[in-house]
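Student: Got a minute to go through a fold with me? I'd like to start with the sheet and then pick at a helix.

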Amino acid sequence: MKKIFQIEVPGGSGKILLHACCAPCSGAIVEYLVKHGVRPVIFFSNSNITPFDEYSHRLNECIRYAREFGLKVVEDNYDHDSWLTCAAGLETEPERGARCLECFKHRLLRAAQYAAANGFDVLTTTLASSRWKSLEQVNEAGTWACAQVSGVTWWGQNWRKGGLQDRRNEIIREQNFYNQLFCGCEFSQRTGSAEPSEAL
């Protein structure tokens, strides 16, 4: 892949925790980081995903892809009941609505807490690669999450620019990634927020 934009890791840190939502969203980001000398640890914290078989399938796809680059994947505790508490009262919100913001906060806080406890200086997420997600919500959630802990900087990179969106879709096809058709939670299905993986 050509160097399509200048990567600027906050503080020049080499200890980066990459929160990953799924393999389709991770593909181009992981490839780009590794090819530019950045080797993140991948943190899979996605208690929003249900049923558990769906969660496991997405986790295993992330692990399969990370293995190609020799990257470590850390799985957070799966706690859908805790996630349901954060989504309470927001069940009928549409995609990019208030429920999504609370969902991002829940997952990125878990990531920020892990980062702080394990010596990571920088946190970023693959959530920002999806055109179905609000960049503003992702960055608001990430900034808030890192403010709750000490010593972790939020890296609000726009992972859609510089050709990464196109490369993302190419990798989905090359890797034959599992074709997930919804965000992950039961409410995204009920509100009709279906998402083909090429557009996640």
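Tutor: Sure, we'll take the sheet and then helix H2, bearing in mind that this is a predicted model.

Student: OK, what's the strand order in the sheet?

Tutor: The order is E3-E2-E1-E4-E5, an open sheet of five strands with parallel pairing.

Student: And which strands stand at the edges?

Tutor: Strand E3 (73–75) and strand E5 (153–154) do. Each has a single partner strand, so one side of each has no neighbour in the sheet.

Student: Let's go to E1. Which residues are buried on its two faces?

Tutor: Strand E1 covers residues 16–19, with Ile16 and Leu18 buried on one side and Leu17 and His19 buried on the other.

Student: How many bridges tie E1 to E4?

Tutor: Four, in the parallel sense, with E4 being residues 122–125. Leu17 stands opposite Leu123 in that pairing.

Student: And how many join E1 to E2?

Tutor: Three, and that pair runs parallel too, with E2 at residues 41–44. There, Leu17 stands opposite Val41.

Student: What do E1, H1 and E2 make together?

Tutor: A β-α-β unit, and a right-handed one, with H1 spanning residues 23–35.

Student: Carrying on from E2, what does Phe43 stand opposite?

Tutor: Val74 in E3. E2 and E3 are joined by three bridges, in the parallel sense.

Student: Switching to H2. How far does it reach from first C-alpha to last?

Tutor: Its 18 residues reach 26 Å, close to the 26 Å expected at 1.5 Å a residue.

Student: What comes right after it?

Tutor: Gly70, with a positive phi near 70°.

Student: Which H2 residues are buried?

Tutor: Glu54, Tyr55, Ser56, Arg58, Leu59, Glu61, Cys62, Tyr65, Ala66 and Phe69. The cover over the buried residues of H2 includes H1, E2, E3 and helix H6 (164–175).

Student: Hang on, Glu54 is on that list. Why does Glu54 count as buried?

Tutor: Because its relative accessible area is 11%, and the cut-off for buried is under 20%.

Student: So what is Glu54 in contact with, leaving aside its neighbours within four places in sequence?

Tutor: Ile49, Tyr178, Gln180 and Phe182. Glu54 itself sits in H2, which runs over residues 52–69.

Note on methods
Residues are numbered from 1 along each chain as its sequence is written. This is a predicted model: local features need pLDDT of at least 70, side-chain atom pairs count only at pLDDT 80 or more; totals for chains, interfaces and linings use all residues. Side-chain values use heavy atoms; hydrogens and water are left out. Buried means under 20% relative accessible area, exposed over 50%, partly exposed in between (1.4 Å probe, protein chains only). Two strands pair if DSSP finds at least two bridges between them. A crossover is right-handed if, with the strands pointing away from the viewer, the path from the first strand over the helix to the second runs clockwise. Contact means heavy atoms within 4.5 Å. The expected span of a helix is 1.5 Å times one less than its number of residues.
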